Amino acid sequence: MVLLNFAHSLTEEDVSGIAALAGRTPKNVVHIAPEFVGSLPLVPQVRKMVDAVGFSQKDWQNSSLLVCLPLDSAAAAIFVAEIAGRRGRTPTIVRFVQDAQKGRLVPFEIISLHQVRKETNQAQKGWVQSAGSHGGGSD
């Protein structure tokens, strides 16, 4: 599994927490700092950051990925769209929450956006699945 981090810098504790949530340790962590220029269009900035990962088309389609998204909601949505376009499916993401005791964001859960989309499609067709976790590792 490759951990793509487009969020804040991750500590060793964060990576260990993500590994515990995912059920396996990332073999590679790629950090691309999310530095956005407010006066420029956002899509090209995000696309440049995704390009900076350095994956080939085959890598995008065949690698098991887990993605940490930036806090900027518009940028996060563009990252999901950009990665989905390259992979052919939506990514699995890490959700962070504020830990009052630690005074910082910490990994909280793994969410397979592909599974969320699949469950929503099935519910729309009347194939309602039981509610529950959307995690379980990366895609």
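## Elements of the chain

Helices and strands here are DSSP runs, numbered from the N terminus; a helix has at least four residues and a strand at least two. With those terms, A7 can be placed in the loop between strand β1 (2-5) and helix α1 (12-22). The model is a predicted one.

The chain holds 5 helices and 5 strands. Read from the N terminus, their order is β-α-β-α-α-β-α-β-β-α. The radius of gyration of the chain is 15 Å, close to the 14 Å that the globule rule gives for 139 residues, so the chain is as compact as a globular protein of that length.

## Overall dimensions and surface

Measured out along its principal axes, the C-alpha trace would be described by spans of about 45 × 35 × 30 Å. Of the 139 residues in the chain, 42% are buried. Among contacts with a separation of 6 or more, 62% are between residues 24 or more positions apart.

The accessible surface of the chain is about 7900 Å², and carbon and sulfur atoms account for 53% of that surface. The chain carries 14 positive and 12 negative charges, and the mean positions of the two sets are 9 Å apart.

## Strand β1 and the loop after it

N5 is in strand β1. Is N5 buried or exposed? Its relative accessibility is 1%, so N5 counts as buried, the cut-off being under 20%. Apart from neighbours within four places in sequence, N5 is in contact with L10, V30, H31, I32 and C68.

A7, in the loop between β1 and α1, has a relative accessibility of 5% and therefore also counts as buried. Which residues does A7 contact, leaving aside neighbours within four places in sequence? They are H31, P34, C68, L69 and P70. H31 and C68 are thus listed for A7 and for N5. A7 and A33 are 26 residues apart in sequence, while their C-alpha atoms are 6.8 Å apart in space.

## Helix α4

Helix α4 covers residues 73-87, which is 15 residues. From its first C-alpha to its last it reaches 21 Å, close to the 21 Å expected at 1.5 Å a residue. The buried residues of α4 are A75, A76, I78, F79, V80, E82, I83, A84, R86 and R87. What do these buried residues pack against? They pack against α2 (42-51), α3 (57-62), β3 (65-68) and α5.

A76 is one of the residues of helix α4. Its relative accessibility is 12%, so A76 counts as buried. Not counting residues up to four places away in sequence, A76 touches L69 and P70. L69 and P70 are also among the contacts of A7. The C-alpha atoms of A76 and N121 are 22 Å apart, with their positions 45 residues apart along the chain.

## Helix α5

Helix α5 runs over residues 113-124 and has 12 residues. Its reach from first C-alpha to last is 16 Å, close to the 16 Å expected at 1.5 Å a residue. Helix α5 is one of the elements that the buried residues of α4 pack against. Just after α5, G126 takes a positive phi of about 90°.

Note on methods: Residues are numbered from 1 along each chain as its sequence is written. This is a predicted model: local features need pLDDT of at least 70, side-chain atom pairs count only at pLDDT 80 or more; totals for chains, interfaces and linings use all residues. Side-chain values use heavy atoms; hydrogens and water are left out. The radius of gyration is taken over C-alpha atoms; the globule rule is 2.2 Å times the number of residues to the power 0.38. Buried means under 20% relative accessible area, exposed over 50%, partly exposed in between (1.4 Å probe, protein chains only). Contact means heavy atoms within 4.5 Å. Accessible areas come from the Shrake-Rupley method with a 1.4 Å probe; for residues, only the protein chains shown count as cover. Lys and Arg count as positive and Asp and Glu as negative; His and the chain ends are not counted. The place of a charge is taken as NZ of Lys, CZ of Arg, CG of Asp or CD of Glu. The expected span of a helix is 1.5 Å times one less than its number of residues.
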